[in-house]
Amino acid sequence: MTRHQGRHFLHIPGPSPVPERVLRAMDMPVIDHRSAEFAELGKAVLDGAKTIFKTTSPVIIYPSSGTGAWEAAIVNTLSPGDKVLMVETGHFATLWRQMAARWGIEVDFIPGDWRRGVDPAVIEERLAADTAQQIKAVMVVHNETSTGATSRVGEVRAAMDRADHPALLMVDTISGLASADFRFDEWKVDVAVSCSQKGLMLPPGLGFNAISDRALAVAKTSKMPRSFWDWEDMLKLNVNGFFPYTPATNLLYGLREAIAMLLEEGLDQVFARHQRLAAATRAAVDHWGLEVLCQEPRDFSPVLTAVLMPPGHDADQFRQVVLDNFNMSLGSGLSKVAGKVFRIGHLGECNELTLMAALTGVEMGLRAAGVPHRAGGVDAAMAMLEPSAAGNAPLHLSVVK
């Protein structure tokens, strides 16, 4: 194994690097999760999570991965034999479809090319044609981590309203939350699914459901079996800051600190920072003469950029060269795009200098791996990140206390 000095550069699109402030916040003795001290922590994170989702509705926090939060969304709102509408935007939309099918859900899965987000017009067309209103939910991935394409959730909701269809809007914002603009209340989302290890800058281990009043009402008639994932059990105890079973106590300390960091910077500033770093990354890719996987500019992800390799070059071999030589991890291509793309994560605790280091590692890797490219992509990104280029002062993460 190649040994390196210095810190490993983690530039996969999640888990993302955990800031020092969050690591320090989690470095606490385990406390009694039935104590008044814990109730204070529980209330703080449950209320703080609402702010991050931009909602006044309840947010439930599970000791789980995002996959668990997916399952919670399904079993609390749907019944076996129900029909839902989903779109093939990439690997994770496909996995959510597979999970729904295992629960006996009939999935109308609109094919996609993995190079753009959801087309709201197609959603409107399918719902308008559903005159019997058999479709119980529209299930959309906000940010498709496998492709670097986002879906315009607000426009999807507008399409649903134009179709005058009562289906629930269920959104996977696992990698979008706290990185890409997400507005639960304004966009009239009914269930949002997320997790801890992406924009929230925590280790894996927390899953989230944000839940509208409509979704809570539907849950009362859902016929899916559920126990661990039951919303009702959670909400009864969450009122007082507690959980029906042992929560991930120390991760909740970290969550409280991560929420504080995001609010200190300001959510709109967080989103603007991600957009600016993403634009700089795409400028570098374009200068290198490579191709961004996402083809719809309106759908470019602020969370990551997926890059197509030139014909005859394997993305995984390139990633290995970068890891061996420069101690940096890049994201792999998944399922349909395995070996064809590599993914540059620029989410969470990432600023201008962090990104410049990552792009330098990519450009050096391209040279070391013999991948055809035009030198100077780092300079193209740098030109976009200089304060004079944007007309604004640079955006920075909160200072470590």
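Thr-150 is found in strand E7 of this predicted model. The residue is buried. Its relative accessible area is 9%, which falls under the 20% cut-off for burial. Beyond its neighbours up to four places away in sequence, Thr-150 touches eight listed partners. Gly-117, His-142 and Asn-143 are among them. Arg-298, Asp-299, Phe-300, Ser-301 and Pro-302 are also touched by Thr-150.

Ser-151 lies in a loop. That loop runs between strand E7 (149-150) and helix H6 (153-163). Ser-151 is buried as well, with a relative accessible area of 4%. The value is under 20%, so the residue counts as buried. Neighbours within four places in sequence aside, Ser-151 is in contact with Thr-89, Gly-117 and Val-118. Val-140, Val-141 and His-142 are also in contact with Ser-151. Gly-117 and His-142 thus appear in the contacts of Thr-150 and in those of Ser-151.

The packing of two helices was examined next. Two packed helices are described by the angle between their axes and the distance between the axes. Helix H9 covers residues 249-265, and helix H10 covers residues 267-288. Their axes come within 5 Å. The crossing angle is roughly 85 degrees. Angles of 65 to 115 degrees count as roughly perpendicular, and H9 and H10 are therefore roughly perpendicular to each other. On the H9 side, the contact is made by Leu-262, Leu-263 and Glu-265. H10 contributes Leu-267, Gln-269, Val-270 and Arg-273. By class, four residues in the contact of H9 with H10 are nonpolar, one is polar and two are charged.

At the level of the whole protein chain, the secondary structure comes to 14 helices and 14 strands. The C-alpha trace spans about 60 × 55 × 45 Å along its principal axes. The chain has 401 residues, for which a compact globule would have a radius of gyration near 21 Å. The protein chain has 21 Å, in agreement with that expectation. Buried residues make up 58% of the 401 residues. The accessible surface of the chain comes to about 16300 Å². Carbon and sulfur atoms account for 53% of that surface. Among contacts with a separation of 6 or more, 74% are between residues 24 or more positions apart.

Methods
Residues numbered from 1 in each chain as written. Predicted model: local features only at pLDDT ≥ 70, side-chain atom pairs only at ≥ 80, totals over all residues. Heavy atoms only, no water. Axes fitted to C-alpha atoms, helices over the stretch in contact; angles between N-to-C directions. Helix = DSSP H or I, 4+ residues; strand = E, 2+ residues; numbered from the N terminus. Parallel < 35°, antiparallel > 145°, perpendicular 65-115°, else oblique. Contact = heavy atoms within 4.5 Å. Nonpolar A, V, L, I, M, F, W, Y, C, P; charged D, E, K, R; others polar. Rg over C-alpha atoms; globule rule 2.2 N^0.38 Å. Buried < 20%, exposed > 50% of the residue type's maximum accessible area, 1.4 Å probe, protein only. Areas by Shrake-Rupley, 256 points an atom, 1.4 Å probe, with all protein chains shown as cover.
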